[in-house]
Amino acid sequence: MSTQVPSKGRVAVVTGAGSGIGFEITQLLLAAGTRVAALDVDPSGAPESALPLAVDVSDAAAVAQAFDEVQARLGDVDTLFANAGIGSTADVLACSPEEWDRVFAVNVRGVFLCAKAVLPAMLRRRRGVIVNTASVAGMIGLRDRAAYCASKGAVIAFTKQVAVQYAGDGIRCNCICPGTVDSPWVGRLMDEAPDPAKRREELIARQPLGRLGTPHEVAQAAIYLASDAAAFITGSGLVIDGGITAA
Ligand SMILES: NC(=O)c1ccc[n+]([C@@H]2O[C@H](COP(=O)([O-])OP(=O)(O)OC[C@H]3O[C@@H](n4cnc5c(N)ncnc54)[C@H](O)[C@@H]3O)[C@@H](O)[C@H]2O)c1
């Protein structure tokens, strides 16, 4: 019998569930019968059968309140997918201190606050899985992504610390490291380029597999890490990038 998500009757929280990768993770969980709380600043786009909760993951009080509500309405959380994140297109010189803080508030503080909110119940039950969404940007330097690369590197390091800290308590913590994924976010980035079609071709050209990833492919990797099939995996970063970091 499966003890963790995805499976019937289990409970998961997905942040950033209103779009892209988080939306797909939520869909896969719901299809398996898992009850899902969809946390997002704008949860209106989340799959219908999820419990939508409007929350900014960088707001400590709001995150704590949201997890209390999930506990009251769905029960103990088996798995947290801390997936909400924002981008930033600037090198060190162009990145203002305010921009740096904004990116870290969502991408790093948000992941920390969600772990902090979910861990007490996981420790009490001596069971739970956390899957954070990092990025290949946390592993390699990408041009014009100073704050973003640093924030995702922090997510990878935080993932390892949590994994080691709670390995003896029945809790696993891993992260996914997607490459360039054709989500609404990347679509917006391409639309903003002077020549969107050329920008898409450039992004595809750096992919050894010759195409961008899909949110669905990334979601499947996240679900795998949450499942019992990954019972011996903790503290790792699963790279889903079409070979970009291997090149
Ligand atoms: N798309 C890619 O190429 C790619 C690559 C590597 C990593 N990632 C990571 O994957 C995650 C999801 O990205 P996506 O491509 O699906 O983006 P997306 O913009 O399509 O979805 C992100 C969701 O997060 C929500 N969100 C943003 N800030 C929030 C906040 N403060 N609190 C709560 N929700 C918030 C947004 O409303 C949105 O619904 C991010 O962490 C991103 O860094 C994406």
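**Legends to the close-up views**

**View 1. Strands E5 and E6 run parallel and are joined by 6 bridges.** This is a predicted model, in which local features need a pLDDT of at least 70 and side-chain atom pairs count only at pLDDT 80 or more, while totals for chains, interfaces and linings use all residues. Residue numbers start from 1 in each chain and follow the sequence as written. Helices (H or I, at least four residues) and strands (E, at least two residues) are DSSP runs, numbered from the N terminus. Within the E5 and E6 pair, Ile-130 has Cys-173 of E6 as its bridge partner. The chain passes from E5 through H4 to E6, and this β-α-β crossover is right-handed (seen with the strands pointing away from the viewer, the path from the first strand over the helix to the second runs clockwise). Helix H4 covers residues 146-166 and lies across E5 (128-133), E6 (171-178) and E7.

**View 2. Strand E6 is covered on both faces.** Of the 8 residues of E6, 8 are buried (20 or more other C-beta atoms within 10 Å of the residue's own; exposed means 12 or fewer, partly exposed in between, with C-beta atoms placed from the backbone). One side of the strand carries Ile-171, Cys-173, Cys-175 and Cys-177. The other side carries Arg-172, Asn-174, Ile-176 and Pro-178. Strand E6 also pairs with E7, in the parallel sense and over 4 bridges (pairing takes at least two DSSP bridges between two strands). Here Ile-176 has Leu-238 of E7 as its bridge partner.

**View 3. Seven strands form an open sheet with parallel pairing.** Read across the sheet, the order of the 7 strands is E3-E2-E1-E4-E5-E6-E7. The edges are strand E3 (51-54) and strand E7 (237-240), each of which pairs on one side only.

**View 4. Strand E2 pairs with E1 and with E3.** Strand E1 (residues 11-15) and E2 are parallel and share 5 bridges. In this pair, Val-14 stands opposite Ala-38 of E2. Strand E2 (residues 35-40) and E3 are also parallel, and their pairing has 4 bridges. Ala-37 stands opposite Leu-51 in E3, and Leu-39 has Leu-53 of E3 as its bridge partner. Are the residues of E2 buried or exposed? The strand is mostly covered, with 6 of its 6 residues buried. Arg-35, Ala-37 and Leu-39 point one way, and Val-36, Ala-38 and Asp-40 point the other way. Together, E1, H1 and E2 make a right-handed β-α-β unit.

**View 5. Gly-33 sits in the loop between H1 and E2.** Why does Gly-33 count as exposed? Gly-33 counts as exposed because it has 12 C-beta neighbours inside 10 Å. Leaving aside residues up to four places away in sequence, Gly-33 touches Ser-7, Lys-8 and Gly-9 (contact means that the C-beta atoms, placed from the backbone, lie within 7 Å). Lys-8 and Gly-33 are 25 residues apart along the chain, and their C-alpha atoms are separated by 4.1 Å.

**View 6. A shell of 29 residues lies around the ligand.** Which residues come nearest to the ligand? Gly-16, Gly-20, Gly-85, Ser-183 and Trp-185 do (near means a C-beta atom, placed from the backbone, within 6 Å). Helix H1 (20-31), helix H3 (97-125) and helix H5 (184-192) each contribute at least two residues to the shell. By type, the shell holds 12 nonpolar, 14 polar and 3 charged residues (nonpolar: Ala, Val, Leu, Ile, Met, Phe, Trp, Tyr, Cys and Pro; charged: Asp, Glu, Lys and Arg; polar: the others, including Gly).

**View 7. Arg-126 and Asp-144 each have a positive phi.** Most residues other than glycine have a negative phi. Arg-126 is not a glycine, yet its phi is about 55 degrees. This residue, Arg-126, is in the loop between H3 and E5. Arg-126 has 11 C-beta neighbours inside 10 Å and therefore counts as exposed. Asp-144 is not a glycine either, and its phi is about 60 degrees. The loop that holds Asp-144 runs between E5 and H4. Asp-144 has 13 other C-beta atoms within 10 Å, so it is partly exposed.

How values were computed
Contact = placed C-beta atoms within 7 Å. Axes fitted to C-alpha atoms, helices over the stretch in contact; angles between N-to-C directions.
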